[in-house]
Amino acid sequence: MDKQVQPTTISNPSDPPGTGFGAPDSDHSDPDYFRRFVEYLPTAMAMVDPQLRYLAVSRQWQQDYGEGNINLIGSAHQQWFPHLPEIWYQNAQQSLEGKLPRWELETHHPQAQGSTQWNKWVVQPWQTASGEIGGLILYLEVITPQKQLQEKLKLTQKAFDQVATAIFWMTLEGNFCYVNQSACRMLGYTESELLQLNIHNIDPDLTAVVWQEYCQELKQKGSLTFESSYQRKSGSIFPVNFKINYLELESSDPTLTVETELGSVSVPGLPLICGFAHDISEQKATSSAILASKDQLEAVLNAVPGLVSWISSDLKYLGVNRHLANSYNVPAETFIGKEVGFLQTSPEFNQFVYEFFAQDHWKSSRELTANVRGLPCTYLIVAQKYHRGSAAVFVGLDITERQQMEQALRQSEEQEAKRRAELETILTQLQRTQTQLIQTEKMSSLGQLVAGIAHEINNPVSFISGNIVHAKNYIEDLMNLVSLYQQYYPEIVPEIADEIEEVNLSFLKQDLPRMLESMKVGAERIRDVVRSLRHFTRLDESQMKFVDIHEGLDSTILILQNRLQAKAGRSGITLVKEYSALPKVGCYAGQLNQVFMNLLTYTIDRLEATSFKDDLVDQPKIIIRTYLENENTVAISIADNGIGMSEIERKSIFDPFIPPQLQGKGTSLGLSIAYHLVTDKHHGELTCFSVLGTGTNFLIEIPLGN
């Protein structure tokens, strides 16, 4: 016998159902008749003798355990059931001894495919006609499906005990037959306490009448979900979401065994109801908070003085605020579900919505025009996506008045800028005019002073210059007379000889004519300077006249002759004149001379400044060139071989309010005045050409016949 296989359940009822098998009655004492009786029983049944050899078997027994057509009669029971446990034989022995009138035993044994087969044995003795026990009646039922179902139920129960959801198994009357640990924790009961209750105890609102209505509907649908309120052991009430399922298992066993903390419990009365309860207190609180937030948000958005709308990515309205609905005189509910543009008031807005959802950007804004109450208004639309881009909110702020104000402000600013530019131009002109007036007044005063000094110098110089000729003649006559005395009276008295030696008469004869010649040259020089001063100022030529500009250039050069000479720290400046044959030019001679003076002074100042800085490589030089540019224009060029200037300095060279780049040198005010005199007074052009490192050239171009 296979002692490794043990029975799982032993049942020995004191009052077994059915009637025991006795000996065949007198009318049917034929053994063959009895075997035929057993053979035709519709269940798997066998009759064995005390040695457990088959006396009779049913066709079902033969079919299930006879291995084909082998006749089982006379064969040993152990031959066909080698895996029976020892307890089976012990019970059988007790039955044969009359100690155990009826017994049941569940056994299992492995099969060829690796599976396990469960059998349920029901055994009781049979008696002979004399009342002695003649053997055993064996009843066998394969219960593998029921066992598999119980195993599945155990696994299901184990899984149920691990989940966080409260699970209840109930009868149709609402009595609990199984609850998991989550259900106990949720309600505050122990498992034993909860199994003594029913659904009506934990859900006061779920009365027996309501429960029966649910059960009727559950039988039809198979599953129901509803919200209810449960009461804990402490008395507190909380909301739950309760889902119930209708269970109707196909099994020949009307009971199920469920393991609880009290042990194995048989659950009768299939079908059952399996319920899943979820505590939704937090969801309810969250839902209430969301609803409150939604109401608050709606109140805020309705208070926004702009047009607010929610639009889904399929271009349909999800909602609008009160201000937008009132602006178009349409109820807010009308917008929900309608496509964008159904009002046909703003094609620009429709296009903006289409483009915004077609792009990956989460934010965007645009100014556009919309017709509100028949009037065109300008709105600033700000868009923001949400719900992972499946929807967006659009807020439109009316900026019509702001745009009008901005436009008025821009016009005002433009007018103000124009007036400011005009005032700056007028101020610049006033400053330039004031400067020119001051300079003109200075030049006029200087001219009058120079003219007065020249007049005062010219009279004695003319007197001296005119008498030098006579003095020379008189001295020559005296010298001739002395020579005659020396010729005809060679013998002289000692006193005269001493005097001749004292005065060095021979030296006087040689030096006195030279001295007179030098005085004559000096007087002529003074006369030329006076003439140049008078010619430079030209106070008597305030009107435009045709003059020789070379005379003006020469007069200016003569006045500045001292600036050209060598000084400590620099060599002399070479001045080269390249004059062409020019006709007389119609001009204001005094003003043109002032132009020459200012340009030459500025050029000498720059050469001196660069000479002191050792920037000059060659001998400093100024070249004055005059030529006819065309038949109507004369050009005067004043160029130097200095270091030149930068482009920024060159562009502002004639601005009187920008200080010169060479500190202490350069007269930008004089250049400004020169530019004004050439361009405004003579309708010509004054241009500065200069590149850093190549010198500077001032070019004066004036018409011949102003």
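This passage looks at how strands pair in two regions of a predicted model. Residues are numbered from 1 along each chain as its sequence is written. In this predicted model, local features need pLDDT of at least 70 and side-chain atom pairs count only at pLDDT 80 or more, while totals for chains, interfaces and linings use all residues; side-chain values use heavy atoms, with hydrogens and water left out.

A good place to start is strand β6 (residues 133–142), which runs antiparallel to strand β2 (residues 45–48) and is joined to β2 by four bridges. Helices (H or I, at least four residues) and strands (E, at least two) are DSSP runs numbered from the N terminus, and two strands pair if DSSP finds at least two bridges between them. Across from Leu138 in β6 stands Ala46. Strand β5 (residues 116–127) is also antiparallel to β6, with nine bridges between them; here Asn119 has Val142 as its bridge partner. Five residues separate β5 and β6 in a hairpin, and Gly131 in the turn has a positive phi of about 95°.

Further along, an open sheet of five strands follows the order β15-β14-β18-β17-β16, with antiparallel pairing. β15 (317–320) and β16 (363–372) are the edge strands, each pairing on one side only. From one strand to the next, the twist averages 25°, where axes are lines fitted to C-alpha atoms, for helices over the stretch in contact, and angles run from 0 to 180 degrees between N-to-C directions. Ten bridges link β16 to strand β17 (residues 375–386) in the antiparallel sense, and Ala370 is partnered by Cys377 in β17. Helix α13 (residues 347–358) lies across β14 (307–312), β15, β16, β17 and β18 (391–398), at about 160° to β16; contact means heavy atoms within 4.5 Å.
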